[in-house]
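Colleague: I would like a close look at one loop of this model, together with what surrounds it in the fold. Please go through it slowly.

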Amino acid sequence: MTAKNDRIPLALCVLTVSDSRTLAEDGSGDYLSTSLQAEGHRLVERALLPDDRYAMRALVSKWIADPAVDGILVTGGTGFTGRDSTPEALLPLLDKQMPGFGELFRAISFEEIGTSSLQSRAFAGLANATFLFALPGSTSACRTAWERIIRAQLDARTGPCNLAALRPRLSEPA
């Protein structure tokens, strides 16, 4: 796929996973929601759930099943504490993993936070032709992921290729 000259607005959902925040205190979800809309994408739905793998899986499955949703940004639950279960909840839903996302995110994060970057289990992939990005819960980590990786890949003008332009081909038969 090659870059195009025009934007392709995508329909995106944002999920914050947190046992300690409310929507009113959700700086990471606020940042992602505001940033995606500033780039011309549409926020379809935003939610906040506790670190409960089954509740996460149910909501994200609903969004994945909706043909009107192009992508999902999840923030939180990607660390190592006892309740962090975003990877365990959502990795089973993926049809294809995007290992380069997590690798690149951790490499970029290393520039910012050093070896603490190894504590991130950020990941991305594709489920039912829907992009899924799972990010750490801190606003600074969401900013790094959005500004340094995701924003460009969801912009059809990014060359030599990008995820936005690939979107129409994701449902092709194998």
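Colleague: Is Ala129 buried or exposed, and what is its relative accessible area?

Modeller: Ala129 is buried, with a relative accessible area of 8%, where buried means under 20%, exposed means over 50% and partly exposed lies in between, all for a 1.4 Å probe and protein chains only. This is a predicted model, in which local features need pLDDT of at least 70 and side-chain atom pairs count only at pLDDT 80 or more, while totals for chains, interfaces and linings use all residues. Residues are numbered from 1 along each chain as its sequence is written, and side-chain values use heavy atoms, with hydrogens and water left out.

Ala129 sits in the loop between S5 and S6, and Asn128 has its place in that loop too; helices (H or I, at least four residues) and strands (E, at least two) are DSSP runs numbered from the N terminus. The backbone deserves attention here, as Ala129 has a phi near 65 degrees, a positive value in a residue other than glycine, and Asn128, also not a glycine, has a positive phi of about 50 degrees. In exposure, Asn128 is partly exposed, with a relative accessible area of 48%, whereas Ala129 is buried.

The strands on either side of this loop, S5 (123–127) and S6 (130–135), each supply at least two residues of the largest nonpolar core. That core, a set of buried Ala, Val, Leu, Ile, Met, Phe, Trp, Tyr and Cys residues joined through side-chain atoms within 4.5 Å, has 28 residues, and those with the most contacts inside it are Phe101, Phe133, Ile150 and Leu154. Strand S1 (11–17) and helices H1 (27–38), H4 (99–113), H5 (139–153) and H6 (163–166) likewise give at least two residues each, with H5 giving the most, namely six. Leaving aside neighbours within four places in sequence, Phe133 is in contact (heavy atoms within 4.5 Å) with Ile72, Leu73, Val74, Met98, Phe101, Phe123, Ala124, Ile150, Leu154 and Leu163. Apart from this core lies another, of 21 residues, with Val17, Ile64, Leu90 and Leu132 among them.

One other loop has a backbone feature that you may wish to inspect. In the loop between H5 and H6, where Pro160 is found, the peptide bond from Gly159 to Pro160 is cis, with omega near 5 degrees.
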